[in-house]
Amino acid sequence: MSAFIRRYSRYLNEKSRAYRLMASDITKIKRGIDGVIRTMNTEKLLNTLPVLQTQLDALLNFNANPDELTNGIIRAAFMLLFRDALRLFAAYNEGILNLLGRIKNKQ
């Protein structure tokens with residue numbers, strides 16, 4: 001179980017680092033057409049996307065298989081990570097859409 005706790009700890013450290021860099025929790029920001037990431041300027045967006053990518057990488061490092069999810073602590077950590085994964089993916093997707101839209105508008 002200690003391996004999973006260390007992996008979860010790495011993710012939490014990365015999440016706190018992202019919070020320090022961006023001054024907000026990416027998983028709690030407004031999403032959608034008029035959301036925070038969709039309306040970011042290009043410079044801030046180019047600084048935000050690598051932070052999102054690093055946080056997603058740390059999250060995906062948890063890597064638990066179904067047999068290991070029988071432990072309550074590991075399952076609880078997995079559920080928290082799963083919820084964050086959905087929100088981070090949505091934020092990253094919106095950032096990419098914003099970036100592609102800006103590139104298209106310049107051509």
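Which helix holds both Phe-78 and Phe-82, and how many residues apart are they? Select the two residues in this predicted model, and you will find that Phe-78 and Phe-82 both lie in helix H3, 4 residues apart, which is about one turn of the helix.

Before examining that pair further, turn to the aromatic contacts in general, since a search of the whole structure finds 2 aromatic pairs. Select Phe-4 and Phe-62, whose ring centres are 5.4 Å apart and whose planes meet at 55°, so that the pair is tilted. This pair links distant parts of the chain, with Phe-4 in helix H1 (residues 2-22) and Phe-62 in the loop between helix H2 (42-60) and H3, 58 residues apart. Phe-4 counts as buried because its relative accessibility is 10%, under the cut-off of 20%, and Phe-62, at 2% relative accessibility, counts as buried too.

Now return to Phe-78 and Phe-82, which form an aromatic pair with 6.4 Å from centre to centre and 20° between the planes, an arrangement classed as stacked. Colouring by accessibility would show Phe-78 as partly exposed, with a relative accessible area of 28%, while Phe-82, at 44% relative accessibility, also counts as partly exposed.

Next, add Arg-7 to the selection together with Phe-4: Arg-7 lies over the face of the Phe-4 ring, at 4.9 Å from the ring centre.

The last stop is Ile-96, which is found in helix H3 (residues 72-106) and is partly exposed, with a relative accessible area of 28%. Select Ile-37 as well and draw the C-alpha to C-alpha distance, which is 9.3 Å for two residues that stand 59 residues apart in sequence.

Conventions:
Residues numbered from 1 in each chain as written. Predicted model: local features only at pLDDT ≥ 70, side-chain atom pairs only at ≥ 80, totals over all residues. Heavy atoms only, no water. Helix = DSSP H or I, 4+ residues; strand = E, 2+ residues; numbered from the N terminus. Buried < 20%, exposed > 50% of the residue type's maximum accessible area, 1.4 Å probe, protein only. Phe/Tyr/Trp six-rings, centres within 6.5 Å; stacked < 30°, edge-to-face > 60°. Lys NZ or Arg CZ within 6 Å of the ring centre and 35° of its normal.
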